[in-house]
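Let's take a walk through this fold, starting from the inside and then turning to how some of its rings and helices meet.

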Amino acid sequence: MAQRPDIVLYTAATMNGWKPVIFLEECGIDYELVHIHFSNNEQKQDWYRELNPNGRIPTIVDRSNDDFAVFESGAILWYLAEKYDQFLPGNDKDRSRTLQWLMFQMAGVGPMMGQAMWFQRIAEPKGHRDDFAIDRYVRESRRLLEVLDGQLARGPFLVGAEYTIADMAMYPWARSHHWAKTPVDDLPNLQAWFARLDQRPAIARALSIPEAKPGFFGRGDEASAEADNASKFEL
Ligand SMILES: N[C@@H](CCC(=O)N[C@@H](CS)C(=O)NCC(=O)O)C(=O)O
């Protein structure tokens with residue numbers, strides 16, 4: 001009988017949800033995927049909150065470590081990087097730099113772009129347009145993406161020559177700038193980094209797991225992507 005994979009991943013096709021998928025696909029690790037459906041509010045059910053008290057995705061459970069559950073996508077990437085000894089540099093300075101950019105994604109880029117998206121792609125289609133909030137979050141998203149562009153002038157990846165969990169965390173968010181209505185065409189280093197990561201087969205695969213969302217990346221029918229997305233969330 002085939003052995004059950006160590007890692008069970010509970011996720012959905014979102015910017016945070018794709019991060020551990022990218023890691024696992026990059027490593028070629030066998031994992032069990034559980035698609036959490038927002039339309040059924042599965043992420044709020046008691047059994048799921050036992051694993052993730054925040055009631056959001058993603059979460060992993062490591063069967064080989066007493067069914068240890070990890071929530072928060074940055075902590076998940078960090079846990080997986082240590083477990084499999086990949087994508088987190090061994091030398092202490094680069095390790096710290098990786099965690100700095102991971103934190104910058106978790107505390108800055110994700111929350112600001114997430115709010116820019118929420119106000120424009122969920123609240124507004126449901127009839128609540130707030131120009132002050134939109135302006136604030138789009139300008140802050142743009143500022144943070146400029147910080148990234150500056151860092152990427154120094155090397156091909158966020159921590160110089162090495163592709164790390166910081167790139168994996170940042171990519172799904174920065175790449176969704178269209179969904180946040182935050183133009184970045186004039187940021188050349190960011191564009192070059194997109195092109196570099198777009199070419200990675202594991203990333204291309206990951207963005208279709210558990211389903212593809214071309215609308216986030218400015219492709220396909222934007223109006224129906226927006227309506228579909230907004231229908232899954234209450235205000
Ligand atoms: N800081 C958390 C954020 C998780 C999060 O906000 N997940 C969203 C999808 S990107 C979610 O589960 N949304 C469902 C909901 O709001 O109920 C992380 O990085 O894991």
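A nonpolar core, as the term is used here, is a set of buried Ala, Val, Leu, Ile, Met, Phe, Trp, Tyr and Cys residues joined through side-chain atoms within 4.5 Å. Keep in mind that this is a predicted model. With that in hand, the largest nonpolar core has 63 residues, and F23, I165, L190 and W193 are those with the most contacts inside it. Quite a list of elements feeds this core: β1 (7–11), α1 (15–27), α3 (73–84), α4 (92–123), α5 (131–152), α6 (165–174), α7 (188–198) and α8 (201–206) each put in at least two residues. The largest share, 9 residues, comes from α4. There's also a second, separate core of 8 residues, which includes Y10, Y48, I57 and V61. As a general matter, nonpolar side chains in soluble globular proteins tend to be buried together.

Now go back to W193, one of the core residues with the most contacts. Setting aside neighbours within four places in sequence, W193 touches L152, P156, F157, L158, D167, M170, Y171 and A174. Part of that list leads straight to a helix pair. α6 and α7 pack at an angle of about 110°, with their axes 11 Å apart. Angles of 65 to 115 degrees count as roughly perpendicular, so that's how α6 and α7 sit relative to each other. On the α6 side, the contact is made by D167, M170, Y171 and A174, while α7 brings W193, F194, L197 and D198. Sorted by class, the contact has 6 nonpolar residues, 2 charged ones and no polar ones.

What about the rings? The structure holds 16 aromatic pairs, and two that share W18 are worth a look. W18 and F216 meet edge-to-face, at 6.0 Å centre to centre with 75° between the planes. This pair links distant parts of the chain: W18 is in helix α1, whereas F216 is in the loop between α8 and α9 (222–231), 198 residues apart. Both W18 and F216 are buried.

Next door in sequence, F217 pairs with W18 too: the ring centres are 5.8 Å apart and the planes lie at 35°, so this pair is tilted. Because W18 lies in helix α1 and F217 in the loop between α8 and α9, the pair ties together parts that are 199 residues apart in sequence. F217 is buried, just as W18 is. To round off the picture, ring pairs link W18, W179, F216 and F217 into a cluster.

Notes. Residues are numbered from 1 along each chain as its sequence is written. This is a predicted model: local features need pLDDT of at least 70, side-chain atom pairs count only at pLDDT 80 or more; totals for chains, interfaces and linings use all residues. Side-chain values use heavy atoms; hydrogens and water are left out. Buried means under 20% relative accessible area, exposed over 50%, partly exposed in between (1.4 Å probe, protein chains only). Helices (H or I, at least four residues) and strands (E, at least two) are DSSP runs, numbered from the N terminus. Contact means heavy atoms within 4.5 Å. Axes are lines fitted to C-alpha atoms, for helices over the stretch in contact, and angles run from 0 to 180 degrees between N-to-C directions. Angles under 35 degrees count as roughly parallel, over 145 as roughly antiparallel, 65 to 115 as roughly perpendicular and the rest as oblique. Ala, Val, Leu, Ile, Met, Phe, Trp, Tyr, Cys and Pro count as nonpolar, Asp, Glu, Lys and Arg as charged, and the others, Gly among them, as polar. Rings of Phe, Tyr and Trp (its six-membered ring) pair if their centres lie within 6.5 Å; planes under 30 degrees apart count as stacked, over 60 as edge-to-face and the rest as tilted.
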